[in-house]
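Reader: I have a model open and would like to know how its descriptions are reached. Can we go through them one by one?

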Amino acid sequence: MTAATAAPVRPAPVRWVRSAPLSFLLLLRMELRRNPMPLILPLIAVLFWFDAYRPSTATQPFWMMRTFWNMGQGHTIIDFGPFVAGMAAWIGSRDGRRGIADLASTMVRPRWTAHLATWAATAIWAAAAYLVLVGVMFGVYAFQGVHGQPPWWWVAVGVMAVTAFSAAGFAAGVLWPNRFAAPLAAFGGFLAMMLSSQTGFRSHAGWALILPTNSNGNYNQQDTGIFYPYLPDLPIARIIFLAGILAVFLGVLGLPVHAGGRRLRAAATLITVVGLAAVSTAVGLVRTAQLSPRGTVIAALHDAASDRPIAYTPVCGLSAQTPVCLNPAYGSYLSDVTAALTPVLAEVADLPGAPVRGTQIADDAVGTLTISGSPPVLAMPLGAIPYLPGSTGFGYSTTEKQFADILREQFLHAFVTSAGPQTPAQQAVEAALLQRAGIPFADQPKLEAIAEPGPAPEKATATGPVYDAAQRLLALPPTAQQAWLTAHVADVRSGVITLAQMP
Amino acid sequence: MNVELTDLTRRFGRTRAVDGVSLQAGPGVFGLLGPNGAGKTSLLRMMATVLRPNSGRMRLLGRDPGDYAPRREIRRRLGYLPQNLGYYPGFTVAEFVEYFALLKDMPPGQVPRAVAAAIESVGLGDNARAKLRTLSGGMLRRAGIAQAIVNSPELLLLDEPTAGLDPEQRVAFRALLRDLSQRATVVVSTHLVEDVGAVCTAVALMNSGKIVFNGTPAELTARGEGSDAVGDAPLERGYGAVLAAARSLTQVRS
């Protein structure tokens, strides 16, 4: 059946001037103004305060320590990720839930463009909120006088992770537009974070280093950001990985037939492929990662400039007339260090091989005090010494006496030992010197277990031939002890003296 | 002709929602009548380029919507009000209309004036800054109409546009349709026969996916004369008579 109205078709109007970028910006502005993401930000802020900030406050006042929990282990990402994914899914499913899909599909602008504007507003809110909360937290740390350098690279990883979560959630919402999209996306985000954390705890190498909540690899020594900058290798790999995920999800939105024209869908395909390539590249890169004392090195991404030490002017004090200098980041511990070293430095002051000064060094492979060079210099990797005085965070705290005992044990261990495992005579002399420095025999086995790196010494109690020899040395009059030590300490150190040769 | 449909068919599974429809329409108001499930909405969705027909030929505004570039040009000149249009509750009326104006690729410089004019023409000028969540059903419907006409469409497709409007608003809306029809083809799908009688220059009646009547409102009225079809108005009796005839024909064929 056919019929027609009579009036003729009027001529087409003048073609409109196209201004896609400006239209996109106007859409973005509107979406930013009406985006529901801010509704969930107070909840995230509360969680952030409890989970990311609060546990960090009890740690030592170094950027690396303060941010180990929230940036290194990725708790800032964990706090944001699931909520951002859920809200983004809710926003992405908007057209489907509200019955606007039909109308939206009759628009001139491709659906992909509208989706990108909506997603961009969502991501901007989420990333801005992340930056604000991290910025406030860092501001508080700075106000508290935390030393070292902030881990800016890890902030970049966090921003990229939050953005990737927003893209993943948004894509889930667009592709599965119903009311369950949001809770499922949030749960999926939470599950991803938990799996990432659990895998991260176990994996110090290999592909798992790419996971954004794997703290292994870069936060492995306290002096990062104090003596040496944070190595950007691993953060760069993670940013490539997360950018790849972001590209994949945004690209997938442009693949359906109704998303746009052939060219646009070709561009979406290209973006998806590039995203997949970025993910694969990043995983491939971390598989080549080498763990160095200063962080994870990825040869293809490594810049030698990152290995340059951070210049500083040391802060110095005197300990038994011996100058002791520390990195200014450790300036607040100077009095504790000089006080701890005073009795042991005084004890060995007149003996051959006594250090002429003490200098702090970066926490590196040695991990304990050493004396070397000519004239002898005491090198102190304080970052490696377990438990600086004060709270160490997460329920642990160390008294000044415990710290002093550890430092004294490590000092005398270094003084009587040149290299390798201690001989029984070296153990006996160290035990005698520790006793003279105020640490009784009975406390020494436990102290050594804490103070010395590596497995605990075999001796569980202060008995046996080593302690018998130490007792004999201490039984001598003080002048005789000093004379014996002056005469034999070099041989003790080189390991040629046996227990039988001791007094 | 702005609308040329030839033997258009659309199936959903085994159901033929639109079954061999042929229609032509130029500027003016074209009414699409029919009972629930007649296929009006499916036909309108095809004309709005939401759905693709399974078979048949369709030319809108002199272009084939099957190809991407012509489809974009059709959409640029198209206004569409779906039957069950949802809303972004956080948007204001002006933002809602502006949002779709931008998606219709209107030049950004022209958008504010066009949005204001569209909102004014549906009588929501005083509510332009009101959030959609605060509006009544009738007001929301008018906001939907505003988005449909913001780009001064050459082809305006309205699915149940007067649903939820009070009598005063319906009168105003008919006046708006008359005005719009001076420069566009307006296709109105409705249950309300009096709307058709008031504004339509042509009318088609659908039943079971087929066009069972196509003519003027006066011709439809004439079909009811002398019949025993029920209805308060002559046009309603014509509607009833045509529908009854179509149903009896279907029964005979089956």
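Reader: Which helices of chain A each supply at least two residues of the lining of the largest cavity?

Author: They are α4 (75–92), α5 (94–97) and α7 of chain A. This is a predicted model. α7(A) gives the most to that lining, with 4 residues.

Reader: Which residues line the largest cavity?

Author: From chain A the lining has A:Ile91, A:Gly92, A:Arg94, A:Asp95, A:Arg111, A:Ala114, A:His115, A:Thr118 and A:Phe170. B:Tyr99 also belongs to the lining.

Reader: What makes a residue such as B:Tyr99 part of the lining?

Author: A lining residue has an atom within 4 Å of a cavity point. B:Tyr99 is listed among the lining residues, so B:Tyr99 has such an atom.

Reader: How do you know that there is empty space at all?

Author: Rolling a probe the size of a water molecule over the atoms shows where empty space is left. In this structure there are 3 cavities of 30 Å³ or more. About 60 Å³ of space lies in the largest cavity.

Reader: How do the residues of its lining divide into nonpolar, polar and charged?

Author: The lining of the largest cavity has 4 nonpolar, 3 polar and 3 charged residues. A:Gly92 is in the lining, and Gly counts as polar.

Reader: Why is α7(A) called oblique to α10(A)?

Author: The axes of helix α7 (residues 111–143) and helix α10 (residues 233–253), both of chain A, cross at roughly 140°. Angles over 145 degrees would count as roughly antiparallel, and 65 to 115 as roughly perpendicular. The crossing angle of roughly 140° falls in neither range, and therefore α7(A) is oblique to α10(A). The two axes come within 9 Å.

Reader: Which residues meet there?

Author: In α7(A) they are A:Trp112, A:His115, A:Leu116 and A:Trp119. They meet A:Leu246, A:Leu250, A:Gly251 and A:Leu253 in α10(A). The residues of this contact divide into 6 nonpolar, 2 polar and no charged. A:His115 thus has two roles, in the contact with α10(A) and in the lining of the largest cavity.

Reader: What makes β3 and β6 of chain A edge strands?

Author: The open sheet of 5 strands in chain A has the order β3-β4-β5-β7-β6, with mixed pairing. Its edge strands are β3 (315–319) and β6 (370–372), and each pairs on one side only. Neighbouring strands are turned by 25° against each other on average, direction ignored.

Reader: How do you know that β3(A) and β4(A) pair?

Author: Two strands pair if there are at least two bridges between them. β3(A) and strand β4 (residues 322–326) of chain A are joined by 5 bridges, so they pair. They run antiparallel, and A:Val315 stands opposite A:Leu326 in β4(A). In their hairpin, which has 2 residues between the strands, A:Ala320 takes a positive phi near 50°.

Reader: Which helix lies across β3, β4 and β7 of chain A?

Author: Helix α12 (residues 334–348) of chain A does, running at about 30° to β3(A). Angles under 35 degrees count as roughly parallel, so α12(A) is roughly parallel to β3(A).

Conventions: Residues numbered from 1 in each chain as written. Chains lettered and ligands numbered in written order. Predicted model: local features only at pLDDT ≥ 70, side-chain atom pairs only at ≥ 80, totals over all residues. Heavy atoms only, no water. Axes fitted to C-alpha atoms, helices over the stretch in contact; angles between N-to-C directions. Contact = heavy atoms within 4.5 Å. 1 Å grid on protein atoms, 1.4 Å probe; cavity = no way out; pocket = protein on both sides within 12 Å on 5 of 7 lines; lining within 4 Å. Points joined across faces, edges and corners; volume = space filled by probe spheres on them.
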